[in-house]
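Student: I am new to this structure and would like a close look at one part of it, the metal site, together with the surroundings that help me place it. Could you take me through that part slowly and in a connected way?

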Amino acid sequence: MIVLGLETSCDETAVALMQGSKILCNKIYSQEIHSKFGGVVPEIASREHTEKLLGMTREALEEGNIRVEDIEGIAVTYGPGLLCSLLIGLNFAKGLSYSLGVPFVGVNHLEAHIYSSFITAEEYRSPFLSLLVSGGHTSIAKVNDFRDYEVLGSTLDDACGESFDKVSKLIGLGYPGGPAIERFAKKGNKNAFGFPVPDPENLNFSYSGLKTSVLYTYRDMSQEERIHRIADIAASFQKSAIESLIIKLKRAIKMTEIRRVAVSGGVSANKLLRKSLQELDVEWVAPEAEFTVDNGAMVGFLGYKLLKEGIRSGYDLKANPRLFL
Ligand code: KG4
Ligand code: ZN
């Protein structure tokens, strides 16, 4: 089955063509225009999606050597995300589905991230623990079976990726913050500053306290000190942020006695996180780098599984900015 996967929930315009679970083409356009504003500007994001989506779909068809009439199903993110951005992808999918006479299915972006770990994995087995760490979400869930989730904890305030973005903006490293902080952290001393390791109750996460602690430290520095210690701040912040994820993960493993973990979302690209997972005595899987950020393949991958089971959406499907698991 040839499935077109579309993702426009935030600032990545992404289109993929799948043949079953196999990727024929995965195109991602990261809207760099937002970097000069230090964060995503919703109005600009939706304009960019409008401008790019049709052309990228044409290119994907060309690269995948597929005719538009060969598309047998369409999968599209319908939430959570920015409303106007979601609407661009969803309405495009509806129009194409109607004109081609093929089914479409709305995909939950969070679920698409969760299963992205298995796009290129050798095998898929449940139950497993899902640690989803992105710019908009941070959660731990127990996945009992395909699409059967028990959310064990989520963030009480900022998401983990969001804290990377905010700290990066504060210390002048720009947006998106995760890759920039990681790059600078390599040159810094992770023990230079004793930033707190957030550990709110149970399996919930919190990143606003850590962010504020960096803010106060930075505020009290002289201009010269700031310049010299950027790498130390990045390394110390990254250490605390990642350690917090690992504390929660260890707790969840102990509670559930499940020792299989799938880590996903933009932050799962982080090398310190991957190294820390390596040091845990668990079986873990994370997506390859191109599937950690928002992408169309993860939407097409899950969408194909849904369509194959006969799951379809109606043309009355609404975008849901607050969709959860
Ligand atoms: O999954 P994603 O593309 O979008 C959302 O669904 O939110 O995640 C984007 C987030 C951003 O906050 C970005 O700073 C973070 O993932 N990120 C990273 C790294 N690469 C991306 N955070 C830490 N380390 C990285 N290497
Ligand atoms: Zn995402």
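Tutor: In this predicted model, the site of the zinc ion (ligand 2) is tetrahedral, with angles of 97 to 133° among its four donor atoms. For four tetrahedral donors the ideal angle is 109.5 degrees. The protein donors of the zinc ion (ligand 2) are His109 through NE2, His113 through NE2 and Asp294 through OD, and they lie 2.0 to 2.1 Å from the ion. Read along the sequence, these donor residues follow the spacing H-x3-H-x180-D. The pair His109 and Asp294 thus joins distant parts of the chain, with His109 in helix H3 and Asp294 in the loop between S10 and helix H9 (296-308), 185 residues apart. His109 counts as buried because its relative accessibility is 6%, a value under the 20% limit. Asp294, with a relative accessible area of 11%, is buried as well.

From the zinc site we can follow helix H3 to the sheet. Helix H3 (residues 109-116) lies across S6, strand S7 (138-145), S8 and S9, and runs at about 120° to S6. Helix H7 (residues 223-256) also packs on the sheet, where it touches S6, S7, S8 and S9, while its direction makes about 160° with that of S6. The sheet itself is open and has five strands in the order S8-S7-S6-S9-S10, with mixed pairing. Its edge strands are S8 (148-154) and S10 (283-285), each of which pairs on one side only. On average, neighbouring strands of this sheet are turned by 25° against each other, direction ignored. Within the sheet, strand S6 (residues 128-133) and strand S9 (residues 260-264) pair in the parallel sense over four bridges, and here Ser130 stands opposite Ala262 in S9.

Helix H7 deserves a second visit, since the nonpolar interior leads back to it. The largest nonpolar core has 42 residues, of which Phe237 and Leu245 touch the most other members. At least two residues of this core come from each of S6, helix H4 (160-170), helix H5 (177-185), helix H6 (208-219), H7, S9 and helix H8 (271-279), and H7 gives the most, with 12 residues. Leaving aside residues up to four places away in sequence, Leu245 touches Leu131, Val133, Thr138, Cys160, Phe205, Tyr207 and Leu273. Apart from this core lies another, of 26 residues, among them Ala16, Tyr115, Phe118 and Ala262; Ala262 is the residue that we met opposite Ser130.

One further residue of helix H7 is Ala235. Ala235 is buried, because its relative accessible area is 4%. Not counting residues up to four places away in sequence, Ala235 touches Ala185, Gly188, Asn189 and Lys190. Ala235 and Lys186, although 49 residues apart in sequence, are 6.9 Å apart in space, C-alpha to C-alpha.

Notes
Residues numbered from 1 in each chain as written. Chains lettered and ligands numbered in written order. Predicted model: local features only at pLDDT ≥ 70, side-chain atom pairs only at ≥ 80, totals over all residues. Heavy atoms only, no water. Pairing = 2+ DSSP bridges. Axes fitted to C-alpha atoms, helices over the stretch in contact; angles between N-to-C directions. Contact = heavy atoms within 4.5 Å. Buried < 20%, exposed > 50% of the residue type's maximum accessible area, 1.4 Å probe, protein only. Donors = N, O, S within 2.8 Å, 3.2 Å for Na, K, Ca; no water. Tetrahedral: all angles 85-135°; square planar, octahedral: opposite > 155°, others 65-115°. Core = buried A, V, L, I, M, F, W, Y, C linked by side-chain atoms within 4.5 Å.
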